[in-house]
Amino acid sequence: MSNEQRKAELEVKRAKLEEIRQKKLQQEKLRTAPTTPMTPNLSSMPINLLTTPREDADPDRILQEVGIRQPVSLPASSPSISPGSTTSQQKRRPPTNMALQICQQTTATISVPPKELVTYSKEVQTIESGDKDPAASPIQHDHLQWDDEFQPSASGEHNRLVYVTDDEDTMSLDDNTKPSMGMSLASATELKRTRSLKHQNKQLSLQGQSSMIKQELTNDEREHIIKSEQFQDFFSRSSRLIERSLWESPRAFDIFKDYSGRDLDGQNEKMDVGEIIKFDREFFDERWTRHRIVTCIDTSTYHPELVLASYSQNDESTHESDGVVLIWNTKYKSKPTPEYVFNCQSWVTSCVFSKFHPNIVLGGTYSGQIVVWDTRTNKRTPVQRTALSASSHTHPVYCLQVIGTQNANNLISISNEGKMCSWNIEMMTQPQESMDLAYRTKPVAATRMVFPGVEVNNFIIGSEEGQAYSGSRHGNKAGIQDSYEGHFGPITGLSCHNVNGSVDFSSLFLTSSFDWSVKLWSLKENKPLNSFEVNSDYVTDVRWSPVHPSVFLTCDITGRFDIWNLNHDSELPLLSTTLDGNVALNKCLWSHNGQQIILGDDQGKLRLYDVNEFLTNPKQDDFNKLSSTLQEFKRNTLDAFDDNHSTNVPTTTTNVPTTSTTSSTSVSHNS
């Protein structure tokens with residue numbers, strides 16, 4: 001209670017006492033025998049005397065004895081006491097015969113809370129327009145709580161917004177501050193207990209963070225972690241992902257592309273070299289492919305963007321591995337490094353992706369071993385390898401092929417010692433089957449092998465003698481059965497027709513040789529259907545298109561590669577290009593969709609070219625046109641055979657004058 005209120009209350013009491021004193025004086029004047037008031041000390045007087053009425057007692061003396069100073073007499077015109085109030089006080093005045101009781105009473109203390117000072121920070125936001133009023137909906141906040149969560153105080157105080165923080169120094173509640181804040185004892189106790197729990201949780205979290213902070217690793221511990229398999233796997237994959245993201249470039253799209261195919265009509269006769277193929281990129285690594293020859297190329301069936309290439313030994317560097325196999329990614333044009341690098345002690349002569357195991361890479365070596373790499377491991381060395389024994393290969397393995405289905409598949413390998421082996425990829429210690437290749441008791445030094453289509457029994461091989469052979473792995477006539485003679489040098493390339501359509505051409509296959517020619521064969525004929533002789537040096541490889549029935553690709557050691565379309569012209573290639581730099585092309589390959597060609601040279605480089613759409617999207621009549629072309633080839637072969645047969649028939653000499661005419665015809669033919 002303020003001093004002004006107390007002063008006003010005392011003045012009201014003084015006025016009442018003054019009024020009582022005046023009335024007493026008037027009554028005393030009326031009495032005939034005045035009496036002398038007694039003013040004993042209250043502390044020394046007995047209680048019964050204090051409780052008995054005393055009409056002759058002086059109020060001033062009584063107030064002085066109690067401890068109240070005598071007030072100044074107020075005039076009758078005092079504004080604090082109105083006439084109406086005097087009249088009401090007179091009416092309320094107790095009767096004279098009532099005993100007045102004066103007792104000592106403690107003063108009531110009223111605490112008025114100070115004006116609340118609200119400060120705002122980044123963690124305490126103001127209420128925006130349209131939001132709910134916190135008073136209407138007591139929502140808990142990270143830093144604001146309503147004190148109605150605690151027991152209400154006995155004084156009936158209203159709900160109040162209390163600031164709760166984790167810092168104890170911000171707001172401390174003690175016994176002196178609780179009443180001033182208007183907070184009940186139960187609420188203060190609950191709040192202090194809550195803060196104590198938060199403080200304990202904070203200490204525990206700090207202890208947990210300190211325990212998580214490890215000490216600095218020693219050199220031995222750091223070396224152990226770096227050499228661990230988990231770290232190597234993490235580092236290899238992370239670096240590969242980062243490298244891809246760094247070198248990824250968006251491919252340019254042709255906004256003028258016509259999907260109707262109207263722009264493809266008549267392009268065979270009018271397109272230039274730049275319109276048929278377009279250079280995409282080159283794969284070369286200074287460390288791994290320099291001074292090496294590309295010996296084999298393959299593409300993945302699971303991931304068509306991956307290209308597998310094997311390389312010969314590097315004669316310029318003796319401390320590096322003889323055999324190197326790299327996996328390149330054609331999706332990223334600017335990425336200069338390979339996805340995977342594999343090594344081998346002997347230089348790799350052939351390589352292939354496993355059709356039914358996306359993580360397995362197989363390689364044939366010059367020493368005769370077959371090695372297996374696994375992309376799931378971080379090892380560059382083979383995870384499996386065959387033994388050098390009489391039951392397996394002991395000469396260079398020039399060809400590998402995976403045949404079969406997902407549940408039953410095998411790896412077939414050949415070597416130029418004249419041996420074919422069948423392997424289980426999961427167990428490469430010994431071959432499951434082994435067969436000596438011989439034709440009429442004559443050993444065949446095989447250089448190339450292919451299984452037509454989805455065949456797992458019938459095969460075609462090419463030999464160093466220049467002859468092609470066909471045979472089967474099983475049956476009554478297992479081994480080589482037929483021979484196809486026509487080349488005068490070792491066969492360097494062999495490819496079967498695998499395009500399905502309205503006409504079956506699965507019996508067709510192509511061969512390339514060191515005799516500068518490429519020949520077209522049929523399994524039904526022992527003689528070639530046609531010979532393509534436009535090259536001026538060794539032809540190193542030949543490949544049928546996987547999507548177009550009449551298109552195939554050839555390359556030679558002069559750096560020249562040709563794209564042929566038999567429906568367009570059977571005498572000259574559709575495209576003929578010679579690379580600059582005095583390079584020798586050693587291998588060629590189509591992508592699975594036929595939209596790209598890959599060339600490997602003797603400088604360790606792979607070149608990737610994009611092919612025009614008209615060579616990848618055959619028309620409906622292309623199969624019929626090829627059938628007509630083959631019929632024409634057969635007629636030309638029969639005519640040539642008849643001409644050769646007629647020149648070899650002996651003639652009898654007679655005296656008929658026509659002898660001179662026959663002689664001149666023979667000379668003319670020979671000339």
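**Exercises: loops and an open sheet**

Arg440 is exposed, at a relative accessible area of 69% (exposed means over 50%, buried under 20%, partly exposed in between, with a 1.4 Å probe and protein chains only). The model is predicted: local features need pLDDT of at least 70, side-chain atom pairs count only at pLDDT 80 or more, and totals for chains, interfaces and linings use all residues. Residues are numbered from 1 along each chain as its sequence is written, and side-chain values use heavy atoms, without hydrogens and water.

**Exercise 1.** Locate Arg440 and Asn582, and state the sign of phi for each.

*Solution.*
- Step 1. Arg440 lies in the loop between β16 (438-439) and β17 (442-443); strands are DSSP runs of E with at least two residues, numbered from the N terminus.
- Step 2. Phi of Arg440 is positive, about 55°, although Arg440 is not a glycine.
- Step 3. Asn582 sits in the loop between β29 (575-578) and β30 (585-590). Its phi is also positive, about 55°, and Asn582 is exposed at 75% relative accessibility.
- Step 4. Most residues other than glycine have a negative phi.

**Exercise 2.** Work out the strand order of the open four-stranded sheet and identify its edges.

*Solution.*
- Step 1. The order is β3-β32-β31-β30, with antiparallel pairing; two strands pair if DSSP finds at least two bridges between them.
- Step 2. β3 (277-283) and β30 each have a single partner strand, so one side of each lacks a neighbour in the sheet.
- Step 3. β3 pairs with β32 (606-611) over six bridges. Arg281 has Leu608 in β32 as its bridge partner.
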